Amino acid sequence: MTFARRTLIKTMVAMAVGCSLGAALPAYAAWPERPVTLVVPWGAGGGTDATARIIGTLLEKDLGQPVNVVNRTGGNGVVGHQAIAGAAPDGYTIGIATVEIAMMHHQGLTKLNPRDFTPLALMNFDPAALTVAADSPYKTFDDLFKAIQANKGKLKASGTGLGGIWHLGLSGMLKDLKLDPKDVRFVPSNGAAPAMVDLAAGGVEIVAASLPEARSLIDAGKARPLVVMANEPAALYPKVPTLKSLTNSTWTNGAWRGIVAPKGLPADIQAKLSASLKKIYDSREYKDFMSGRGFGVTYADSAEFGKFMDKSDADMGTILKTLGMAK
């Protein structure tokens with residue numbers, strides 16, 4: 001056999017082996033090979049949208065592929081969450097899940113629940129807080145609590161619609177402190193902003209909402225936060241005491257946001273996305289963006305985020321049942 005012939009045969013064998021190895025590789029080995037879509041279940045311009053867009057911008061830099069943020073609104077969050085859960089589990093559609101996914105199925109809005117997703121990372125948590133007007137006679141949480149005990153059903157609170165996250169937060173706190181959730185009358189509103197206006201005008205005595213939502217009136221000296229429903233002080237107002245520090249209650253409640261993917265995401269893509277999200281969470285750019293808007297930053301990895309969602313789901317279900325609002 002000539003040298004040229006032997007060389008040709010070796011080359012052909014090498015090419016055949018290379019092709020067979022390439023064929024054995026899974027289709028997602030080079031992920032991401034194309035743009036990634038990040039679904040937001042809420043409208044443009046809100047806190048969830050802003051959080052998703054900064055994560056998308058930083059994720060794009062880390063992955064080396066465009067990350068397109070798409071708002072899919074409707075059904076009180078059902079449409080967007082369904083768009084995430086129903087996508088192919090290939091890493092090219094991910095989304096930002098919010099606390100409502102732990103509430104909607106209890107309310108009969110959808111069958112979706114946290115276990116219909118692959119959890120990737122918890123990125124934000126804004127605890128519920130109780131705020132009163134600046135001229136309120138209740139200077140401390142203890143003052144307010146005693147007033148509720150002495151005037152059952154007379155004090156009015158607001159902050160969201162009936163069955164909304166802040167209504168459930170207040171109700172859960174009262175129940176955990178051995179009071180009837182109905183000991184405070186809840187006045188539904190179209191969100192924290194109009195509730196805070198009502199508070200300043202004297203229409204209600206309490207607003208249950210996150211501190212970022214109450215921030216403008218607090219900073220203007222027209223409102224005073226008394227307590228946050230968290231185990232650690234809120235970064236925005238670290239001097240506001242936690243419920244746990246005042247009462248030893250372990251009840252926590254708040255609005256949270258985390259990145260998820262459809263159920264069944266391959267482990268290697270999950271690992272890569274989770275690593276990128278941890279890098280983003282640790283970055284100065286992310287921390288500065290969130291703190292500049294008063295948003296709390298809390299991280300949990302894939303496994304812990306899954307447990308966190310399960311607890312949130314159980315807590316919301318319990319309170320909705322207590323209020324007679326579960327279906």
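Let's start inside the sheet. Val39 has Val70 as its bridge partner in strand S2. On S3, the partner of Val39 is Gly95. One thing to keep in mind throughout: this is a predicted model.

So, which strand are we on? Strand S1, residues 36–40, pairs with strand S2, residues 67–71. The two run parallel, and 5 bridges join them. Thr37 also takes part here, standing opposite Asn68 in S2. Strand S3 covers residues 93–98. S1 and S3 are parallel as well, with 3 bridges between them.

Is S1 largely enclosed or open? Count its residues: 4 of the 5 are buried, so the rest of the structure largely encloses this strand.

Now follow the chain between S1 and S2. Helix H2, residues 47–63, joins those two strands in a β-α-β unit. The unit is right-handed.

Let me step back to the whole chain. It has 327 residues, and 51% of them are buried. There are 11 helices and 9 strands. The C-alpha trace spans about 105 × 40 × 35 Å along its principal axes.

Next, the largest pocket. Its volume is about 900 Å³. Which residues lie closest to its centre? Of the 36 lining residues, those are Trp42, Glu100, Thr160, Ile165 and Trp166. Several elements contribute to the lining. H2, which we have just met, supplies at least two residues. The same holds for strand S4 (117–133), helix H5 (165–176), helix H7 (211–219) and S9.

Hold on to S9, please. We need that strand for the aromatic rings.

How many aromatic pairs does the structure hold? The count is 7. A pair of rings is described by two things, the distance of the centres and the angle of the planes. Take Trp256 and Phe308. Their ring centres are 5.7 Å apart and their planes stand at 80°. Edge-to-face needs an angle over 60 degrees. At 80°, therefore, this pair is edge-to-face.

What does the pair tie together? Trp256 lies in strand S9, residues 254–262, and Phe308 in helix H11, residues 302–322. These parts are 52 residues apart in sequence, so the pair ties together separate stretches of the chain.

The two partners are placed in contrasting ways. Trp256 is buried, at 2% relative accessibility. Phe308 is partly exposed, at 25% relative accessible area. The cut-off for buried is under 20%.

The pair also belongs to a cluster. Ring pairs link Trp256 and Phe308 with Phe125 and Phe305.

Rings meet charges here too. Lys278 lies over the face of Tyr299, 5.3 Å from the ring centre. Arg293 lies over the face of Phe289, and there the distance to the ring centre is 3.7 Å.

One last stop, just ahead of S9. Where is Thr250 found? In the loop between helix H8 (243–247) and S9. Thr250 is exposed, with a relative accessible area of 55%. The cut-off for exposed is over 50%. Look across to Met173 as well. Thr250 and Met173 are 77 residues apart in sequence, yet their C-alpha atoms are 9.3 Å apart in space.

To recap: S1 is largely enclosed and pairs in parallel with S2. The largest pocket has 36 lining residues. And Trp256 of S9 pairs edge-to-face with Phe308 of H11. That's the tour.

How values were computed: Residues are numbered from 1 along each chain as its sequence is written. This is a predicted model: local features need pLDDT of at least 70, side-chain atom pairs count only at pLDDT 80 or more; totals for chains, interfaces and linings use all residues. Side-chain values use heavy atoms; hydrogens and water are left out. Rings of Phe, Tyr and Trp (its six-membered ring) pair if their centres lie within 6.5 Å; planes under 30 degrees apart count as stacked, over 60 as edge-to-face and the rest as tilted. Buried means under 20% relative accessible area, exposed over 50%, partly exposed in between (1.4 Å probe, protein chains only). A charge sits over a ring if NZ of Lys or CZ of Arg is within 6 Å of the ring centre and within 35 degrees of the ring normal. Two strands pair if DSSP finds at least two bridges between them. A crossover is right-handed if, with the strands pointing away from the viewer, the path from the first strand over the helix to the second runs clockwise. On a 1 Å grid over the protein atoms alone, a cavity is a set of points where a 1.4 Å probe fits but cannot get out, and a pocket is an open set with protein on both sides within 12 Å along at least five of seven lines; lining residues have an atom within 4 Å of a point. Grid points are joined across faces, edges and corners, and a volume is the space filled by probe spheres set on the points.
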